[in-house]
Amino acid sequence: MAGVDVGETAAGGDTIGRQAGAPSAEQVGERHVKDVLEPDSEAAAGSEGGSEDAAAARPSGLRARIAGLDRHWLGIGAMAALAALCYGLYSYLRFRQGSYFGWDLGIFDQTVRAYAHFHLPYVTTMRHTSPTDPGKLEWTDHFSPILMLLAPLYWVSNSAFNLLFAQAVLFAAAALPIWAFTRRRLGLGPAYLVAAVYLLYWPLQSALAFDFHEAAFAPLLIALMVERADARRWRQAAIAAGLLLLVKEDMGLVVAMTGGWIMTRGDRRVGAYFTAAGVAVMGLIIEVIMPLEGGSSMRNWQYGQIGATPGKAAIHLIEHPTMFVTELIDPHIKVTTVLWLLLPVLFLCLRSWLVLLALPLLAERYFANDPFYWVRDYHYNSFLTAILVLAAVDGVSKFRWPKLRLGWAVAALIVSVALLPKFPLWQLTGNQLWSTSDTVHTQEQLLSEIPAGSDVLIPWTSDPYAGGQVHPINVGYTTVAPEWMLTADLTGDVKALNLALPAGQNHARYVAVASDKGWTIAKLVQP
């Protein structure tokens with residue numbers, strides 16, 4: 001009967017109110033997404049009752065796909081491109097100044113550079129025990145073979161900025177599946193607003209400010225996996241999940257919890273497959289693949305205050321159940337970080353089962369004894385961005401009134417804009433980021449004078465500028481004195497090196513070979 005509210009299960013599995021006989025917003029959005037992503041359907045083939053002549057006149061193949069592309073996809077694409085431009089500009093200005101931390105960016109630069117030359121990813125800044133030591137295999141530190149996809153960038157440009165550029169594009173690209181999910185759930189207007197909320201989300205800015213990391217792939221792949229699962233396109237969701245498992249060894253937790261979310265929607269068998277795959281692949285990577293390559297399954301065990309091994313930690317938690325609470329809230333910076341994460345989405349992610357995907361990642365960090373995991377800085381929170389935004393959209397979609405849904409999207413965007421001055425991208429509005437420096441150019445010129453393939457002790461901040469010309473070595477990760485040194489303080493750096501070297505090898509002496517604008521290259525004096 002018209003005018004009577006009835007309950008209907010939407011595409012996302014939630015019950016909403018609507019007018020009997022009228023299609024829900026979710027159904028309309030689902031039809032639209034199907035038309036865009038599957039243009040070769042009956043509708044695209046002209047079988048909806050149109051004349052045979054009209055159907056025959058329609059373009060086919062690639063032209064049909066382009067013709068069927070909704071202009072709104074071009075709109076969200078332009079929005080993502082603009083965000084990628086801003087992210088990339090910020091990254092370029094930082095890279096040009098040499099103001100990145102450097103060590104992490106240098107590690108990934110060596111890793112992807114090795115892939116580009118079809119070599120295994122050995123990293124000299126993580127280990128150097130002799131002049132013939134190729135370094136530490138990156139897979140033994142973190143398992144991120146998806147980085148191979150970035151190797152072609154080094155066929156075009158010989159610069160670590162390739163990775164910062166890729167990170168900017170990958171972060172921005174996640175806005176597209178987030179927009180599609182939101183359009184299906186809330187409608188077109190809120191979809192653009194929510195995409196803007198995601199693109200302004202502060203964890204992305206913190207990650208952009210702290211070198212490059214494999215986390216660059218996470219928001220996009222998580223958003224694709226959830227959006228395709230929400231549309232019940234299981235094969236596509238499984239492909240996204242499979243790629244996500246190649247991002248980092250703990251991404252199996254996210255895939256497993258995605259299976260749990262799918263089961264809450266009634267697709268128990270499919271959800272069980274996702275959960276089993278996530279747990280099995282994570283176990284295979286940590287217990288078999290990483291140790292097989294010379295690593296350790298305990299490489300990232302940072303829970304000594306609970307137990308020396310997973311088994312002992314489990315027993316300790318059972319005997320002291322209050323630690324389930326105290327470890328999550330003490331020290332208070334943990335609570336503060338969570339509040340900052342929830343604020344841009346106005347805490348409404350807590351209304352959705354999708355928030356389950358974030359819980360193991362937070363627990364993994366908060367139970368650890370490393371303070372770097374608890375704060376707003378660094379890249380760790382970027383893994384949560386797509387999860388929390390999508391969960392908030394899912395939570396808001398449960399409201400009956402469309403105006404309330406739109407009001408939330410508007411309010412979330414207002415909050416996100418208001419928070420901008422507190423985070424890194426705001427530096428684009430100041431003068432300091434735009435200032436130039438000769439530091440990077442000077443270091444690159446001096447390094448080019450060293451014989452190719454030489455081992456060079458350099459500061460962490462200089463690691464990304466080795467350019468494959470030399471092997472960068474860092475104090476604290478070498479047990480022998482490298483043949484060369486790049487330094488802005490020759491006396492101080494030689495002293496620091498000798499303090500770090502083992503007994504019997506801590507009498508290294510260097511002599512300056514060339515200097516320019518405060519930087520010096522020096523060569524080891526053989527005894």
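# Close-up views of a predicted model

**View 1. The lining of the largest cavity has seven nonpolar, two polar and no charged residues.** This model is predicted. The count of cavities of 30 Å³ or more comes to one. The largest cavity holds about 50 Å³ of space. Its lining includes Leu-200, Tyr-201, Trp-202, Gln-205 and Pro-344. Ser-416, Leu-419, Leu-420 and Phe-423 also belong to the lining. Two elements give two or more residues each to this lining: helix 11 (202–208) and helix 21 (402–419). How is such empty space found? Rolling a probe the size of a water molecule over the atoms shows where space is left.

**View 2. The axes of helix 14 and helix 19 cross at roughly 145°.** Helix 14 spans residues 251–264, and helix 19 spans residues 359–366. Their axes come within 8 Å. Which residues make the contact? From helix 14 come Met-251, Leu-253, Val-254 and Met-257. From helix 19 come Pro-360, Leu-361 and Glu-364. Six of the contact residues are nonpolar, none is polar and one is charged.

**View 3. The largest nonpolar core has 121 residues.** Which residues have the most contacts inside this core? They are Tyr-87, Tyr-198, Phe-212, Leu-244, Val-254 and Trp-408. Helix 20 (residues 385–396) gives the most to the core, with nine residues. Val-254 also appears in the contact of helix 14 with helix 19.

**View 4. Trp-408 is in contact with Leu-186 and Val-194, among others.** Neighbours within four places in sequence are left aside here. Trp-408 also touches Val-345, Leu-346 and Leu-348. Its other contacts are Ala-392, Val-393 and Val-396.

**View 5. A second, separate core has 12 residues.** Among them are Leu-446, Leu-447, Ile-450 and Val-470.

**View 6. Ile-521 lies in strand 9 (residues 519–524).** Is Ile-521 buried or exposed? Ile-521 counts as buried because its relative accessibility is 1%, and buried means under 20%. Neighbours within four places in sequence are again set aside. Ile-521 is in contact with Leu-446, Glu-449 and Ile-450. Further contacts are Met-485 and Leu-486. Val-511, Ala-512, Val-513 and Ala-514 are contacts too. Where does Leu-490 sit relative to Ile-521? These two residues are 31 residues apart along the chain, and their C-alpha atoms are separated by 8.7 Å.

Technical notes. Residues are numbered from 1 along each chain as its sequence is written. This is a predicted model: local features need pLDDT of at least 70, side-chain atom pairs count only at pLDDT 80 or more; totals for chains, interfaces and linings use all residues. Side-chain values use heavy atoms; hydrogens and water are left out. Axes are lines fitted to C-alpha atoms, for helices over the stretch in contact, and angles run from 0 to 180 degrees between N-to-C directions. Helices (H or I, at least four residues) and strands (E, at least two) are DSSP runs, numbered from the N terminus. Contact means heavy atoms within 4.5 Å. Ala, Val, Leu, Ile, Met, Phe, Trp, Tyr, Cys and Pro count as nonpolar, Asp, Glu, Lys and Arg as charged, and the others, Gly among them, as polar. On a 1 Å grid over the protein atoms alone, a cavity is a set of points where a 1.4 Å probe fits but cannot get out, and a pocket is an open set with protein on both sides within 12 Å along at least five of seven lines; lining residues have an atom within 4 Å of a point. Grid points are joined across faces, edges and corners, and a volume is the space filled by probe spheres set on the points. A nonpolar core is a set of buried Ala, Val, Leu, Ile, Met, Phe, Trp, Tyr and Cys residues joined through side-chain atoms within 4.5 Å. Buried means under 20% relative accessible area, exposed over 50%, partly exposed in between (1.4 Å probe, protein chains only).
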